[in-house]
Amino acid sequence: MKKIQFGIIGCNGIGRTHAKAIASLPDAQLVSVADIVPEYAQKLADEFQVTPYSSVQEMLANEELDVVNVCTPSGIHGEIACQVMRSGRHVIVEKPMDIKLPVIEEMLRVQRETGVKMAVISQHRFDAATQQVHKLAEEQAFGRLVLGNAIVPWWRSQAYYDSGEWRGTWALDGGGVLMNQCIHSIDLLQWLMGPVKSIQAYTDTLAHTMETEDVAVAILRFASGALGTISAATAAYPGVGTRVEVFGTRGSAIIEDDQLGYLHLARDDREEVGAYGIGSKAHGRPKVEAAASQDPAGLSLNSHALQIADMMRAIREDSTPLVDGYAAKHPVEIILGIYESSRTHKEVTL
């Protein structure tokens with residue numbers, strides 16, 4: 001089987017994770033990397049023994065590439081992804097898809113026009129825990145979903161924001177903790193609970209010198225009628241684990257730091273837990289069954305590699321990647337809705 005040829009645009013940061021993920025896949029080959037800062041491109045190229053470029057146009061013109069991974073600052077994702085797609089290559093875009101909805105719509109238009117495939121990184125959809133909970137939700141094993149929460153109490157130092165001029169800016173980062181860090185958990189929450197209908201939210205900057213928010217809270221109404229919350233910070237020293245919680249009338253699940261930390265499903269219609277539930281005994285955590293995808297071969301790849309492999313599958317089968325542009329648009333809409341609600345002090349309907 002011919003290896004699928006990859007290029008990477010954006011070498012200082014998440015680009016290295018993409019390079020390692022590609023290198024871990026036996027039927028993928030990293031061919032070239034590009035960055036407007038030649039030193040960044042050269043450093044990554046030396047590590048993976050590929051060709052460096054300081055110009056996207058030059059790389060696209062000179063290399064036989066099947067897929068290009070866009071790992072630049074968020075505010076130029078759309079511009080570069082459209083350039084890649086117009087060259088006839090498939091594209092994988094780091095999250096967020098872009099920071100502006102008109103740009104996202106243009107990306108989708110170019111993707112339809114060119115007929116190439118586009119995937120957007122939401123690697124935790126490929127975690128075994130997420131896959132298991134999503135399957136159970138689709139099977140309505142939780143009964144009626146009533147409450148879903150995403151909790152991301154992280155820490156980032158001031159040095160982190162000072163390390164790149166684009167970090168924490170509206171123009172290139174598109175936001176703070178929500179758009180950069182919490183977007184993964186927001187995507188999982190809406191994938192598990194269903195579409196978000198309306199939002200009431202607050203955001204603030206409490207611990208850093210930056211344009212955008214380092215603390216945010218939101219109350220959600222899902223289209224199903226369920227309620228939910230998002231709470232996120234990069235100001236919660238020293239940083240605590242991430243949780244995505246799903247609660248229903250017949251069961252509950254909690255994903256902690258990408259692992260299934262709690263799962264309880266009603267065994268049958270006769271199960272009784274008492275008038276007041278099981279309360280604190282829930283912390284005993286019933287035994288969690290291993291997901292079917294937790295096999296040694298799967299666990300040897302990180303989540304980025306699993307998503308890149310999903311794109312390769314879609315190319316070979318001429319099908320749609322799990323997280324295509326239409327799927328990736330939803331968490332950005334939610335985040336922009338939170339920003340609007342915080343700014344206007346009103347409930348925002350999506």
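Two strands are said to pair if DSSP finds at least two bridges between them, and in this predicted model strand S4 (residues 67-70) and strand S5 go past that threshold, since they pair in the parallel sense over four bridges. Within this pair, Val68 stands opposite Val91 in S5. Strand S5 covers residues 90-93, and from it His90 and Ile92 point one way while Val91 and Val93 point the other way, although all of them are buried.

With that pair in mind, we can step back to the whole chain, which holds 11 helices and 14 strands. A compact globule of 350 residues would have a radius of gyration near 20 Å, and the chain agrees with this because its own value is 21 Å. Along the principal axes, the C-alpha atoms fill a box of roughly 70 × 50 × 40 Å. Of the 350 residues, 51% count as buried, and the accessible surface comes to about 16500 Å², with 52% of it belonging to carbon and sulfur atoms. Among the contacts in the chain with a separation of 6 or more, 68% are accounted for by residues 24 or more positions apart. As for charge, the chain has 31 positive and 43 negative charges, and their mean positions are 5 Å apart.

The next element to look for is an open sheet of eight strands, in which the order is S13-S12-S11-S7-S10-S9-S8-S14 and the pairing is mixed. Strands S13 and S14 (348-349) stand at the edges and have a single partner strand each, so one side of each is left without a neighbour in the sheet. Elsewhere in this order, strand S9 (residues 215-222) and strand S10 (residues 227-233) pair in the antiparallel sense over seven bridges, and Val215 stands opposite Ala233 in S10.

At the S13 edge, strand S12 (residues 251-256) runs antiparallel to S13 and is joined to it by six bridges, with Ile254 having Tyr262 in S13 as its bridge partner. The two strands form a hairpin with two residues between them, where Asp257 takes a positive phi near 50 degrees. Is strand S13 largely enclosed or left open by the rest of the structure? Five of the seven residues of S13 (residues 259-265) are buried, so the strand is largely enclosed by the rest of the structure, even though S13 stands at an edge of the sheet.

Part of the surroundings of these strands is helix H6 (residues 128-138), whose buried residues pack against helix H8 (177-193), strand S11 (243-248), S12 and S13. Eight of the 11 residues of H6 are buried, and therefore this helix too is largely enclosed by the rest of the structure; the buried ones are Ala128, Ala129, Thr130, Gln132, Val133, His134, Leu136 and Ala137. Just after H6, Gln140 takes a positive phi of about 60 degrees.

Helix H8 is also where Ile186 is found, and this residue makes a suitable last stop. Because its relative accessibility is 1%, Ile186 counts as buried, the cut-off for that word being under 20%. Leaving aside its neighbours within four places in sequence, Ile186 is in contact with Leu178, Ile230, Pro331, Ile334 and Ile335. The C-alpha atoms of Ile186 and Val152, which lie 34 residues apart along the chain, are separated by 9.7 Å.

How values were computed
Residues are numbered from 1 along each chain as its sequence is written. This is a predicted model: local features need pLDDT of at least 70, side-chain atom pairs count only at pLDDT 80 or more; totals for chains, interfaces and linings use all residues. Side-chain values use heavy atoms; hydrogens and water are left out. The radius of gyration is taken over C-alpha atoms; the globule rule is 2.2 Å times the number of residues to the power 0.38. Buried means under 20% relative accessible area, exposed over 50%, partly exposed in between (1.4 Å probe, protein chains only). Contact means heavy atoms within 4.5 Å. Accessible areas come from the Shrake-Rupley method with a 1.4 Å probe; for residues, only the protein chains shown count as cover. Lys and Arg count as positive and Asp and Glu as negative; His and the chain ends are not counted. The place of a charge is taken as NZ of Lys, CZ of Arg, CG of Asp or CD of Glu.
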